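Hi,

Here is the structure I promised to pass on. Have a look at it first, and then read my notes underneath.

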Amino acid sequence: MERYICIHGHFYQPPRENPWLEAIELQDSADPYHDWNERITAECYAPNAASRILDDQGLIVRIVNNYSRISFNFGPTLLSWLEEKRPDVYQAILDADRESRERFSGHGSAIAQAYNHMILPLGNQRDKHTQIVWGIRDFEHRFGRKPEGMWLAETAVDLESLDLMAQQGISFTVLSPYQARRVRKIGAKEWRDASGGRIDPTMPYVQCLPSGRSIIIFFYDGPISRGVAFEGLLNRGEYLAHRLIGAFSEARTWPQLVHIATDGETYGHHHKYGEMALSYALHYIESHNLARITNYGEYLEQFQPTHEVDILENTSWSCFHGVDRWQSDCGCASGMGSGWNQQWRAPLRAALNWLRDRLAPEFERHGRELLKDPWEAREDYITVILNRSPEHIQEFIARHAARDLSEEEITRVLKLMELQRHAMLMYTSCGWFFDELSGIETVQVIMYAGRAVQLAQELFGDTIEEQFLARLELAKSNIPDYRDGRRIYERWVRPAMIDLARVGAHYAMSSLFETYNSQTEIYSYLIEREDYRRWEIGRVKLAIGRAWITSQITLDSQEFSFGVIHFGDHNLSGGVRQFQGLENYTLLTKEVSSAFEHADLPQVIRLLDKHFAGLTYSLKSLFRDEQRKILTLILESTLAEAATVYRQLYERHAPLMRFMTDLGIPLPRSFQSAAEFALSTTLQEVLEDEEFDLTRVQAILEEAKSVGANLENRRIAYAIDDLLDQRLEQFAAQPANFALLERIEALAGLARIFGVSLWRDQNRYYQLLHRIYPEFLARARRGDSRAQLWVRHFTALGAQLSVRVPADPASMMAAPGSESLKTMG
């Protein structure tokens with residue numbers, strides 16, 4: 001009996017970027033990480049690229065790239081974020097697809113995804129087509145090959161979408177067993193009812209399509225997939241392995257494919273260490289020759305479908321009612337609030353549908369004045385999204401312009417394209433998935449709608465915002481304070497809207513706290529400084545200047561002048577306006593600087609009001625990350641004062657604290673806080689020294705122990721982790737540096753005391769173990785005394801990092817995917 005196993009992971013995060021900045025702003029709910037993408041990358045996407053296989057003592061014996069051994073898809077918008085923010089993880093994913101082609105007979109494990117996770121059955125035909133084309137083009141750009149398969153958002157399916165996929169050369173997709181209606185052997189007349197999940201998932205099926213095309217469908221094993229996602233199958237790798245093997249049957253006569261599909265985030269984010277259970281399960285199956293691990297493309301090359309299927313249209317894997325979860329109060333919810341309803345879903349979708357249909361004819365009419373075919377240009381706009389360099393934009397314009405276009409007309413074309421991009425982003429499925437209209441995912445899709453509204457008003461002179469809000473108002477929140485869609489829009493969307501003047505204000509105010517070059521980028525904007533002057537009196541600072549602000553998305557560009565003053569605390573005020581000419585600018589500079597130099601600060605404020613005619617901004621106007629950074633800088637002097645007070649209190653009373661600790665008497669809370677703050681601060685300062693003294697560190701730890709101070713401090717742990725990572729990187733370049741090895745060993749011991757995550761350090765050590773250790777071990781066995789000492793300390797370092805160091809280097813086969821670790825430091 002031929003037995004094959006395939007595990008598919010759907011890795012996806014909704015696009016979270018501020019539509020005006022093209023970047024994710026600080027999300028406090030993801031603490032201690034900057035945002036949820038960063039957090040889930042740390043918990044899932046990175047660990048799956050370097051997953052640990054442990055021995056019975058809990059020591060690492062192999063580190064593998066799970067992606068190279070499973071089938072997977074990544075949402076294009078998530079890959080775009082990874083490419084910029086975590087290029088190491090991004091490269092490991094691309095490497096995994098290349099490695100999987102070597103493992104699976106030339107078939108890569110990555111498959112494409114419809115672009116921004118739109119529920120395709122609820123989209124119009126034009127949007128379906130663009131979503132599929134963009135998903136394919138994005139995939140080809142990243143993986144350097146054509147995709148064989150495509151994942152549908154929430155596996156939401158209809159025949160039209162499948163037909164469009166087949167038209168674009170997609171061979172297969174993956175659905176839930178509950179999405180099959182009936183099945184028959186190819187060539188047979190009689191159909192057999194397969195509804196209710198009764199289809200056999202161990203073979204592929206052909207779905208014939210209205211156009212005469214066909215597409216292959218794999219229906220995943222529902223019970224095992226559910227067990228992985230919700231029933232604890234990832235508690236141990238053996239559980240998953242045995243459950244997968246248990247799905248084979250001697251009664252079946254064909255080569256069986258047992259395959260499952262879940263959210264990829266199951267492996268590490270939803271279930272901590274789930275990625276390790278996955279890698280161990282695959283290792284267990286292969287090492288015991290229980291089945292052959294494969295992917296869908298390789299399996300299809302060997303075994304073509306023998307049966308055809310009719311699907312249940314307008315169904316999905318996450319809604320019992322088909323696709324109603326994304327358009328009505330169907331009862332599917334995540335249970336966030338007692339007594340809540342989801343009646344807001346229908347009016348939200350209706351409002352967005354109205355907006356889409358209201359904008360489409362205007363887009364076409366205005367687009368035809370500039371483009372040969374506006375819709376064809378939209379389909380090709382993915383090339384600009386993937387590379388926004390001036391050269392690529394010019395190539396796009398050359399392909400689609402109806403005639404030679406001026407710079408202003410090129411900006412209009414780009415705004416038209418952006419309008420359509422946001423009119424699709426606003427249909428991202430997560431906007432309807434959860435329970436409340438004011439949830440961050442739903443607010444995000446309303447943000448995209450707000451950007452489309454803003455662009456429409458700029459392009460068409462249309463005042464459609466009020467008409468849109470009247471429809472959005474019909475969507476009612478479960479939370480009385482948020483009331484409805486209109487209030488949510490006014491509370492979160494409108495304040496987030498950015499124009500070039502606000503970018504100028506951000507630049508002006510932040511320039512008082514950091515030094516900018518004459519040309520700099522702030523998010524998706526380019527700032528080219530024409531003039532900049534700065535004055536200081538004590539803690540008070542003044543800056544006046546002018547600069548060109550250009551959107552790198554639409555190429556919209558204007559010159560602004562600005563004046564900004566900081567009073568040394570959180571009071572920051574300034575004005576920005578379009579540049580009015582050198583005469584006005586010279587007068588502004590002369591009057592304001594003169595008042596400042598005479599320390600007449602009230603007059604400075606009056607003059608800024610006069611010159612900027614009320615177009616003033618404050619610290620609240622800064623983009624959120626910069627706002628937080630500046631507040632941290634402002635707080636530094638205050639915190640330094642507090643640190644001095646705590647240190648003096650501790651130093652004055654340390655003997656008394658030690659005496660009380662020796663007697664077993666609990667320290668008063670004020671003493672405890674003073675000791676912990678003072679010693680933590682001192683330790684942090686010592687660690688910041690490039691060549692810090694380990695004996696000094698040990699003395700501080702002993703001191704903390706003597707007064708019962710708890711130095712568990714996240715900032716200290718981060719500092720130690722960074723130091724250890726840097727030293728291991730240095731050691732990789734100079735492995736014979738024995739003093740450095742000893743220092744790293746001591747650092748690793750310190751890291752264990754503070755509970756540092758050793759993930760990066762283990763990755764680096766594992767590479768050294770395979771690349772450098774065998775040579776030193778061979779020299780040690782030949783009697784080289786320094787090499788023997790090196791091996792002893794290197795092995796001890798492995799113990800500190802929980803990595804098994806084998807005595808026989810011949811047993812150290814390079815783990816699959818270990819090449820990716822070179823970039824996973």
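Below is what I found in one stretch of strands and around one arginine.

A word on the basics: this is a predicted model, where local features need pLDDT of at least 70 and side-chain atom pairs count only at pLDDT 80 or more, while totals for chains, interfaces and linings use all residues. Residues are numbered from 1 along each chain as its sequence is written, and side-chain values use heavy atoms, leaving out hydrogens and water.

Start with strand β15 (residues 519-522), which runs antiparallel to β16 (residues 525-537) and is joined to it by four bridges. Strands here are DSSP E runs of at least two residues, numbered from the N terminus, and two of them pair if DSSP finds at least two bridges between them. Across this pair, isoleucine 522 faces tyrosine 525 in β16. Two residues sit between the strands of that hairpin, and tyrosine 523 has a positive phi near 55 degrees.

Next, β16 is linked by twelve bridges to β17 (residues 540-551), again antiparallel. Arginine 529 is opposite alanine 547 in β17. This hairpin also has two residues between its strands, with glycine 538 at a positive phi near 65 degrees.

Now find arginine 546, in strand β17. Arginine 546 is buried, at 15% relative accessible area (buried means under 20%, exposed over 50%, partly exposed in between, with a 1.4 Å probe and protein chains only). Leaving aside residues up to four places away in sequence, arginine 546 touches ten residues you can click through: Arg529, Glu530, Asp531, Glu559, Phe560, Ser561, Phe562, Phe579, Leu582 and Tyr585 (contact means heavy atoms within 4.5 Å).

Cheers
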